[in-house]
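Please open the model in your viewer, with the sequence panel beside it, and follow the selections below in order.

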Amino acid sequence: MTSVISLLWPEGEAKQDPTPEAAVFHDLHLQEIFAAVCLPVPDFALVDWYHAFPGKSTVIRHRQAILRDLLQPSIRSAWTSFTQRMQTLRRQLEQAQKLYHDRQRQRVFLDAIGNYQTVFSSLVDALTAAKPRSTALCTVLEGLIHELQAPQRQEMHDTARALRQELDALRYDLQISGSHVSLWRECLQRNVDEEIVHTFSRFLAAPSGEENAREEQEIGQMDVDPVQARVLDAIAELFPELFARLAVFYQRWAQPDPQAAIDAVPALRMARYPFVFVPLLHWERELQFYLAFLDFLSPLEAAGLPSCVPELCEEEKRTHAESAYDLALAARLRQEQQENPVLNDIDLHGSERILLVSGPNQGGKTTYARCFGQLHYLAGIGLPVPAQQAQLFVCDAIYTHFERREDAESERSKLEADLLRLRHDLERATPRSIFVLNELFHSTTLDDARFLSQELLKRLRHLDPLVLWVSFLDELSRSGADVVSILSMVDSEEEDKRTFRLLRKPADGLAHALSLARKFGLDYPQLLARIAHASPSS
Amino acid sequence: MLPHLLDPEKSLAAFPASVQEQHLVEDLGLAPLFTAMAEDDDERREIVERVILRWRCRDAATVRYRQEALTDLSAQPERAEAIFAIAQNSLDLPGQSHQFLLFSKSPSRRLRANTALMQELLRQLQALRDLGSATFHSDALRKLFSRLQQEIDESFLQAAQEALAALQLDEGVRSTAGADATGRCVPEALHGGIGNQGWLGKLWRTQHEDAGFSIADRDETGQTALGKLREQLLTQTAQVLDDAVARVLQFFRLLRDELHFYLAAITLQQKLRQQGLSCCLPEVQEGGGLLNATGLYSPLLPLRGESSVSNDIAARHTPLIIITGANRGGKSTLLRAIGISQLWAESGLYSFAKTVRTGLCQGIFSHFQQEEDAKLQHGKFAEELQRMQDIAAELRTGSLILFNESFAATNEQEGSEIARQITLALRDAGVRVIFVTHLYSFAKNLFNKEGENILFLRASAEPEAQRFQLLPGAPQASSFAREIYQEIF
């Protein structure tokens with residue numbers, strides 16, 4: 001194989017993307033989302049990838065192609081079960097490496113290598129059957145097949161299997177009398193267990209339940225005890241040739257390179273063993289970028305919350321999403337209250353550039369702003385977005401400015417800092433950028449706020465980015481055709497209202513009781529049908 | 001090998017209790033009957049409840065199978081007690097000796113304890129086998145003893161003794177073993193102890209080992225590990241012997257439990273006989289309507305020391321009985337007497353009557369008006385309907401349901417209409433129904449429009465002598481409540 005393909009960046013693309021300011025993750029609650037995404041898979045150290053924003057459609061398209069493949073259940077489960085089994089294997093290896101008794105360590109590694117081969121080839125089988133479409137995953141599959149069929153790996157596989165079979169099949173007689181242990185190569189025939197089973201089989205088995213608690217092998221104590229160690233050595237004495245071959249095999253395939261540095265990413269540490277195909281470790285980790293996020297979405301999807309791979313708008317400044325929601329809020333609501341958030345639509349097209357959100361407090365304005373930012377951020381790093389369907393503008397950067405009321409600074413220095421940061425961002429931003437502004441000048445006087453807002457509006461118009469602006473100054477929304485007004489509603493007509501309706505009706509003797517009977521399925525036709533249905537037809 | 005005293009093909013098992021069966025116990029007042037049968041023996045009482053409520057006979061042949069076994073055992077109560085005693089003694093053995101060893105985690109301790117226990121169980125099995133003789137006539141008991149003679153024969157006893165002898169492990173233990181994926185020794189087949197193997201043991205002791213090692217006496221860690229390995233060699237065998245003991249005990253447990261049922265039935269019968277009351281073996285058929293009975297009484301009254309009233313009923317070809325008439329006129333007592341008689345007949349026991357001929361039902365259910373509950377007054381009618389809905393989910397063609405003043409928690413007009421629809425739906429679905437009611441419109445309506453093939457019984461408010469005797473008769477408008485009211489005030 002030539003150069004190793006990446007599943008996050010297309011060929012020729014630098015594998016380093018700019019990291020937006022911390023404020024973006026904080027304001028849009030992306031930090032919360034990515035922390036939750038990474039929580040189940042700490043070994044893969046994914047968070048830096050989520051915090052890097054490529055802002056290029058080449059990268060996004062590369063990722064979306066892979067993402068579409070992973071949305072196929074067969075492809076997704078191929079990789080998910082691969083990773084699950086690899087995680088088990090990683091734990092096994094970690095333990096095996098610490099074993100002090102040489103023969104035991106050799107034996108355990110022999111098994112681990114067998115497991116690795118099985119996991120590897122079942123991945124290849126599952127992927128071959130699932131037929132990925134993206135060039136990236138097709139290339140990966142070709143690479144895997146090539147490696148699996150390589151003569152060296154075949155030889156390793158065959159040797160391991162033969163050794164395992166012979167070791168499993170070996171039998172010897174063991175006797176303990178007093179403090180002495182004897183072993184024989186020849187085995188006697190008598191089997192007392194079978195005699196007892198056979199003799200008492202005329203009595204029927206007692207219903208199980210009160211089984212004696214059997215001692216379980218504790219995972220932590222994998223090392224053999226001194227007597228087990230001596231038995232193992234004695235077995236090696238009985239079958240010297242077999243154990244010599246085991247030692248050679250271990251030397252060749254399992255002995256880690258003592259020079260190799262230990263990788264900072266736990267999931268990549270396996271790379272130091274000669275039996276491991278290293279590119280697969282990197283691919284596995286890169287795919288976790290998608291899979292961990294999809295796993296995070298799964299419970300929300302199960303609760304009926306939509307998500308989709310967005311279409312990209314590059315030429316036109318247009319952005320559109322249906323039934324979108326704040327992902328962080330949704331995850332929190334699901335977990336804490338088992339509720340779903342309200343779904344909203346977002347639309348900007350033609351010459352429109354600014355969504356101006358105003359209206360009463362507690363009406364979901366900030367949530368709407370976060371949702372807008374999250375949609376563009378997630379789309380920009382090639383992930384699915386929290387909406388039923390979406391066409392999203394490909395931005396080169398996202399700038400957020402949220403009012404921070406908790407700051408203990410003086411009003412003046414705070415406003416100064418805010419404006420400085422605004423200017424800095426306006427200088428860096430391009431017409432392809434996105435601004436999310438939330439209650440910017442809340443703490444100034446009304447006149448000052450009005451003045452600053454008008455000034456900011458001018459500058460924004462000059463720069464021409466896409467803007468979502470939450471402001472109590474609804475007059476801003478009337479300042480031009482490029483501004484679209486969004487109003488938050490409280491107690492609107494569509495919202496669920498409980499109805500305790502009272503209707504005056506003439507009293508009707510039988511109607512009440514009979515309708516009650518009907519409700520319980522006890523009127524003549526229902527009851528007759530029910531029993532007839534339940535009875536075996538004669 | 002199973003006792004099969006209750007069913008020629010099945011053995012008594014645990015069955016989950018149902019809500020409906022609890023209603024039946026309360027509505028028919030079965031608790032005092034169970035107490036009279038089991039006296040203070042909780043275990044016996046549980047068995048009696050289990051069989052009567054959950055394991056009645058599935059066909060008429062099984063009824064006869066149990067009836068014959070019951071006749072056999074009640075003819076020779078001392079033999080029945082002797083069989084029971086052997087079963088009970090065997091079950092008590094593990095408790096008497098080495099209980100702490102039997103539940104030990106250590107395989108070698110369990111082996112030692114179980115070897116002794118099994119020796120004793122073998123003696124009990126022999127004793128039971130030797131009890132058998134030609135004095136039994138029923139299928140159930142004759143087959144039990146012929147099975148014992150076949151299975152507990154000399155070759156079985158010898159094989160068992162040989163296996164137990166191989167478990168004398170004091171001099172050392174030998175086993176075939178392999179190695180697992182963690183390099184540990186895994187025992188596979190125990191050859192037994194070195195002692196008690198006769199010439200084999202000598203051979204084992206002198207055979208030159210291919211490899212070996214000794215653990216020094218002062219090496220404590222080594223000695224502990226060696227002990228552990230020895231226990232490992234015995235683990236599987238200990239489980240196998242645990243299982244063998246459990247199998248034998250399970251046989252004795254089933255034997256004891258199934259005998260509990262018959263002994264309890266004999267106790268109740270003796271109590272009623274002492275009061276001069278008759279019990280009869282009912283003639284049980286499959287299918288048909290309700291029952292024909294003469295001299296049918298409720299055993300609840302005599303057990304309380306009250307005199308019982310007996311009734312005759314002819315409804316073998318009738319699937320529906322409507323009982324109306326005077327309050328405190330014996331309607332509920334008769335309803336309960338029929339229900340109890342049916343339960344006992346289907347369980348393979350005596351009925352409380354001079355003669356009974358009846359069919360097997362697909363489940364017996366009761367829907368009785370609940371005691372007044374001040375808290376629930378508001379939703380009482382809905383509660384009744386809810387309970388009926390729960391029963392309906394379990395009703396099948398051929399079921400029997402007993403109604404006592406049901407659907408009366410609303411006004412007469414509504415209650416009657418609902419009772420009518422439910423009753424007719426049940427009848428038309430092939431469910432057998434007995435309905436005690438003072439809903440006059442309901443009873444009258446059935447009498448006028450559906451009268452054929454319904455038995456109407458009426459409690460009279462006649463003078464003492466005939467009180468509680470129910471006779472066929474059309475529903476009457478008044479329910480005599482006024483008289484009782486005047487009696488009391």
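Select G373(A) to begin, and ask whether this residue of the predicted model is buried or exposed. G373(A) is buried, because 25 other C-beta atoms lie within 10 Å of its own, and 20 or more are enough for that label. The residue sits in helix α14 of chain A, which you can select as residues 365-380. If you leave aside residues up to four places away in sequence, G373(A) touches L28(A), I398(A), T400(A) and V436(A). A distance drawn between the C-alpha atoms of G373(A) and T400(A) should read 8.2 Å, although the two residues are 27 apart along the chain.

Next, select α6(A), residues 102-130. This helix has 29 residues and reaches 42 Å from its first C-alpha to its last, close to the 42 Å expected at 1.5 Å a residue. Step one residue further to K131(A), which follows α6(A) and has a positive phi, near 50°.

Now colour the two chains separately and turn to the contact between them, to which chain A gives 72 residues and chain B gives 79 residues. Among the elements of chain A that each supply at least two residues to its side are α6, β1 (172-177), β2 (180-184) and α10 (226-238). Which element supplies the largest share of that side? It is α10(A), with 10 residues. Colouring this side of chain A by class should show 42 nonpolar, 14 polar and 16 charged residues.

From there, move to the strands and display the open sheet of five, which runs in the order β2(B)-β1(B)-β1(A)-β2(A)-β3(B) with antiparallel pairing. The edge strands, each pairing on one side only, are β2 (185-193) and β3 of chain B. On average, and with direction ignored, neighbouring strands of this sheet are turned by 20° against each other.

Zoom in on one edge, where β2(A) pairs in the antiparallel sense with β3(B), residues 211-214, over four bridges. Here H180(A) has S214(B) as its bridge partner in β3(B). At the other edge, β1(B), residues 173-179, and β2(B) pair in the antiparallel sense over seven bridges, and the partner of A179(B) in β2(B) is C185(B).

Finally, add helix α11 of chain B, residues 220-274, which packs on the sheet and touches β1 of chain A together with β1 and β2 of chain B. If you look along β2(B) for reference, the direction of α11(B) makes about 75° with that of the strand.

Methods: Residues numbered from 1 in each chain as written. Chains lettered and ligands numbered in written order. Predicted model: local features only at pLDDT ≥ 70, side-chain atom pairs only at ≥ 80, totals over all residues. Contact = placed C-beta atoms within 7 Å. Nonpolar A, V, L, I, M, F, W, Y, C, P; charged D, E, K, R; others polar. Pairing = 2+ DSSP bridges. Axes fitted to C-alpha atoms, helices over the stretch in contact; angles between N-to-C directions. Expected span 1.5 Å × (residues − 1). Buried ≥ 20, exposed ≤ 12 C-beta atoms within 10 Å, placed from the backbone.
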